[in-house]
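User: I am new to this structure and would like to be walked through it. Could you take my questions in turn and explain each term as it comes up?

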Amino acid sequence: MVNNGQPSRTALMAAAARAAHLLVDDSPAIFADPLARTLLGERAEELLGYHRSFGEHPLLCGTRTTVTTRSRYTEDRLAALAARGLDQYVILGAGLDSFAYRSELAHPVTVFEVDEPATQAWKRDLLASTGTAVPPSAVFVPVDFERDGARSLTDRLVRAGFDPGRPALVSWLGVTMYLTREAIGRTLAAVSGFAPGSELIVEHFLPAELRDEAGQSYAEMAMAATAEQGEPWRTFLSVEQLDRLLVEHRLQPVEYVPQRETLAPADWQRTDALRPLDLPVLARARVPARQVSQPTAPAEPWSARSSGAACGADGGVTAAGSPPSETATGRGPVAGAAVRSTPAVGPTSQGWLIASPRSQRDRIATERTNPPDATSMPR
Ligand SMILES: C[S@@+](CC[C@H](N)C(=O)[O-])C[C@H]1O[C@@H](n2cnc3c(N)ncnc32)[C@H](O)[C@@H]1O
């Protein structure tokens with residue numbers, strides 16, 4: 001439970017940072033959320049005032065950097081998948097995420113907002129009191145990741161209209177650090193039961209030994225602040241540890257994107273105070289094609305297509321299968337799991353990438369997900 005049954009205050013802080021980004025940082029914006037300010041309700045002036053007065057404080061600019069880069073990465077991916085016909089978006093720990101109320105995409109896409117009940121009730125009140133229209137494509141699904149089992153998440157989503165037989169994009173931004181490993185595992189177990197071709201984008205925070213100085217200093221300040229708000233950080237995961245968790249739960253890692261890799265190097269030449277931190281990493285993973293029991297492994301495992309996964313006219317949401325040995329046995333540690341000290345790693349023997357330059361990562365990720373006979377996967 002968040003904050004002893006109170007609505008999440010960190011959700012408010014994240015929305016304040018998104019709103020402030022458009023007011024105190026220079027152009028070009030990393031991510032534009034014009035509705036964030038409205039959702040701050042009567043606290044808008046107070047919260048934005050901190051950013052206006054102390055905008056270059058490392059805690060405030062670190063938060064703006066973190067919330068904008070993760071939302072941009074995720075909504076770019078959603079746009080690419082939606083262009084191929086994906087029409088279900090599940091936001092785990094939605095907080096004051098405003099995608100459902102501001103994006104044109106939110107009409108063809110049904111948005112399932114999952115959050116702890118008190119926070120969700122508070123958000124619904126805020127939407128009503130600020131006159132923010134809730135479209136029929138926005139669906140609220142109250143779930144507490146700590147208290148409710150993996151089945152509950154799926155069951156409640158299905159009761160709310162989610163079709164587990166069709167692919168979905170699932171985002172989980174700014175949440176895992178507040179959870180126990182057990183709750184993270186249960187949630188991954190639920191997501192792995194979604195349709196093949198579904199994708200998960202999950203943010204995790206690196207443990208202290210893998211952070212740079214700026215990341216460590218931000219973490220110390222943010223940890224103190226969130227603990228004071230009743231929402232202490234509990235779990236830090238290296239790329240290697242998250243990778244193991246994903247694979248244990250039968251999810252296929254696609255890429256790990258440290259914050260500095262969420263933008264092209266030229267886009268970090270900013271005239272404001274926003275700089276990347278070695279602390280947050282965005283992992284993208286896929287629900288692989290279900291393994292039908294076969295006597296021998298397919299010759300080209302990554303070209304396996306799911307019968308139920310394709311969505312869109314060209315079946316663009318491709319369920320690239322994992323080599324059976326990966327999902328059946330688990331894998332050893334990921335080469336180069338120390339993100340910070342690994343400038344460029346090509347495809348490993350397992351075929352995914354860590355901390356490689358974006359262009360290289362995209363190229364190889366494309367090669368992995370688009371075997372020569374497969375329809376192109378949106379990037
Ligand atoms: C820092 S906010 C991030 C909100 C949003 N994802 C964003 O990027 O703005 C953390 C969110 O995780 C949710 N959360 C934390 N613990 C949770 C739990 N045990 N069950 C469900 N939601 C939880 C909070 O309610 C809150 O909305």
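The questions and answers below go through the chain part by part.

User: What kind of model is this, and how are its residues numbered?
Analyst: Residues are numbered from 1 along each chain as its sequence is written. Local features need pLDDT of at least 70 and side-chain atom pairs count only at pLDDT 80 or more, while totals for chains, interfaces and linings use all residues, since this is a predicted model.

User: How many helices and strands does the chain have?
Analyst: Helices (H or I, at least four residues) and strands (E, at least two) are taken as DSSP runs and numbered from the N terminus. Counted in that way, the chain has twelve helices and eight strands.

User: What share of the chain counts as buried?
Analyst: A residue is called buried if 20 or more other C-beta atoms lie within 10 Å of its own, exposed if 12 or fewer do, and partly exposed in between, with C-beta atoms placed from the backbone. Of the 379 residues of the chain, the share that counts as buried is 48%.

User: Among contacts between residues at least 6 apart in sequence, what percentage join residues at least 24 apart?
Analyst: Two residues are in contact if their C-beta atoms, placed from the backbone, lie within 7 Å. Among the contacts in the chain that link residues at least 6 apart in sequence, the part joining residues at least 24 apart is 75%.

User: Which helix do the buried residues of helix 9 pack against?
Analyst: Helix 9 covers residues 213-228, and its 16 residues reach 23 Å from first C-alpha to last, close to the 22 Å expected at 1.5 Å a residue; the expected span is 1.5 Å times one less than the number of residues. In this helix G215, Y218, A219 and A222 are buried, and they lie on the same side because they cover an arc of only 105° around the axis, the arc being that of the directions from the helix axis to the C-beta atoms. The face turned away from that buried side carries the exposed residues E213, A224, A227 and E228. The buried residues pack against helix 4 (58-83).

User: How far apart are the end C-alpha atoms of helix 4?
Analyst: Helix 4 has 26 residues, which at 1.5 Å a residue should span 38 Å. The distance between its end C-alpha atoms agrees with this, at 37 Å.

User: Is L86, in the loop after helix 4, buried or exposed?
Analyst: Helix 4 is followed by G85, whose phi is positive, near 110°, and L86 has its place in the loop between helix 4 and strand 1 (88-92). L86 is 23 residues from V109 in sequence, and their C-alpha atoms are 7.3 Å apart in space. Because L86 has 26 C-beta neighbours inside 10 Å, it counts as buried.

User: Where in the sequence is the strand that pairs with strand 6, and which of its residues is the bridge partner of V257?
Analyst: Seven of the seven residues of strand 6 (residues 252-258) are buried, so this strand is largely enclosed by the rest of the structure. Two strands pair if DSSP finds at least two bridges between them, and six bridges join strand 6 to strand 7 (residues 280-286), the two running antiparallel. In strand 7, the bridge partner of V257 is L282.

User: Do strand 4 and strand 5 run parallel or antiparallel?
Analyst: Strand 5 (residues 199-205) is largely enclosed by the rest of the structure, because seven of its seven residues are buried. E199, I201, E203 and F205 point one way from strand 5, while L200, V202 and H204 point the other way. Four bridges join strand 4 (residues 169-172) to strand 5, and the direction in which the two run is parallel.

User: Which residues come nearest to the ligand?
Analyst: A residue is near the ligand if its C-beta atom, placed from the backbone, lies within 6 Å of it. Helix 1 (residues 9-24) gives the most to the shell around the ligand, with three residues. Of the 23 residues around the ligand, those that come nearest are S8, A14, G93, G95 and G174.

User: Which peptide bond is cis, in the loop between helix 1 and helix 2?
Analyst: The loop between helix 1 and helix 2 (36-39) holds P28. With omega near -5°, the cis peptide bond is the one from S27 to P28.
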